[in-house]
Amino acid sequence: MNNTLITLENLQKIFLTEEVATHALSDISLTINKGEYVSISGPSGCGKSTLLSLLGLLDTASSGKYKLANQDVSNIPKRERARIRNQEIGFIFQSFNLISDLDVEENVELPLTYRSDLNKTQRKQLVKEALAKVDMAHRSKHYPAQLSGGQQQRVAVARAIAGRPSILLADEPTGNLDTKNAEAVMDLLDKLHAEGATICMVTHDPRSAERSQRKIDVLDGRVVSDKTVKRGQV
């Protein structure tokens, strides 16, 4: 059985501005298997967030091939990209991106309302399960302003996992948190991975990177290192 979830072949991303070509990513080739916990590290401006945007179908590559779950998604129409993002990819952002006038339950449910394959009862059940996993069920009727930063990120994680995506993409998930809350969120990601989640996380923090199974280093738009790591050793 093929265990490969993501395959990138010679991926390039070039930004054109005023006739100046900036090569954000050059010749990226890698695979991510189901159940892996991968971190992508590198200095600011190295291309790691651009790579995550391509993985999440938020942007398209200038050239190369991207296969997700055996489907070539390199040049699919925008509407199909949106559908796959909604059903197959869970996003965890540094800035939480919660909607202030929706309560916790409504924030988690919102992406599910765009799923034609789910009715209201099914959506409510998925939300209930997701909030339980992140220990935020008791805050389901609270609003983001009533929560700490760590609690808001837990809600954001619940929103990302509620639709049971094929992969979780985390972009600096602890960047806006203090040390204690950052540790709690990383513990949560460890737990989700132990339960079978596939995680790809962009981080500049070595302490976060060392929590992954596999560390990919990016420099000047290229993969310069891709290695399996033992926890606590980067």
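Let's start in the middle of this predicted model, with its largest nonpolar core. That core has 34 residues, and Val108, Leu189 and Leu192 are the ones that touch the most other members. Several elements feed into this core: H3, H4, H5, E7, H6 and strand E8 (199-202) each supply at least two residues. Take Leu189 and look at what surrounds it. Leaving out residues up to four places away in sequence, Leu189 touches Tyr37, Ile92, Pro173, Ile199 and Met201. There is also another core, lying apart from the largest one; this other core has 29 residues, including Leu54, Tyr66, Ile84 and Ile167.

Now turn to helix H5, residues 149-161. A quick check on its length first: with 13 residues at 1.5 Å a residue, H5 should span 18 Å, and its end C-alpha atoms sit 19 Å apart, which agrees. Is H5 largely enclosed or not? Twelve of its 13 residues are buried, so H5 is largely enclosed by the rest of the structure. The buried set runs from Gly150 through Gln151, Gln152, Gln153, Arg154, Val155, Ala156, Val157, Ala158, Arg159 and Ala160 to Ile161. If you're scanning that list by residue type, notice that it includes Gln151, Gln152 and Gln153 along with Arg154 and Arg159. And what does the covering? Among the elements over the buried residues of H5 are strand E6 (89-93), helix H3 (104-109), helix H4 (120-133), strand E7 (167-171) and helix H6 (179-194).

Of those neighbours, H6 is worth a longer look. H5 and H6 pack at an angle of about 20°, and their axes are 9 Å apart. Angles under 35 degrees count as roughly parallel, so H5 is roughly parallel to H6. H5 passes H6 in a right-handed crossing. On the H5 side, Gly150, Gln153, Arg154, Val157 and Ile161 do the meeting, and their partners in H6 are Asn181, Ala184, Val185, Leu188 and Leu192. You've come across Leu192 already, as one of the residues touching the most other members of the largest nonpolar core.

Next, a few spots in the loops. Thr203 lies in the loop between E8 and helix H7 (206-209). Despite that loop position, Thr203 is buried, with a relative accessible area of 2%. Its contacts, not counting residues up to four places away in sequence, are Ser39, Ile40, Ser41, Gly42, Lys48, Glu172, Ser208 and Ala209.

Phe96 is another loop residue, placed between E6 and H3. Its backbone has a positive phi of about 70°, although Phe96 is not a glycine. Phe96 is buried too, at a relative accessible area of 10%.

Finally, look at Ala69, in the loop between strand E4 (63-68) and strand E5 (71-72). Here again phi is positive in a residue other than glycine, with a value near 50° for Ala69. How exposed is Ala69? Its relative accessibility is 41%, so Ala69 counts as partly exposed. To place Ala69 against an earlier part of the chain, try Leu30: the two are 39 residues apart along the chain, and their C-alpha atoms are separated by 14 Å.

Terms used
Residues numbered from 1 in each chain as written. Predicted model: local features only at pLDDT ≥ 70, side-chain atom pairs only at ≥ 80, totals over all residues. Heavy atoms only, no water. Helix = DSSP H or I, 4+ residues; strand = E, 2+ residues; numbered from the N terminus. Expected span 1.5 Å × (residues − 1). Buried < 20%, exposed > 50% of the residue type's maximum accessible area, 1.4 Å probe, protein only. Contact = heavy atoms within 4.5 Å. Core = buried A, V, L, I, M, F, W, Y, C linked by side-chain atoms within 4.5 Å. Axes fitted to C-alpha atoms, helices over the stretch in contact; angles between N-to-C directions. Parallel < 35°, antiparallel > 145°, perpendicular 65-115°, else oblique. Left-handed = near helix turned anticlockwise from the far one by under 90°.
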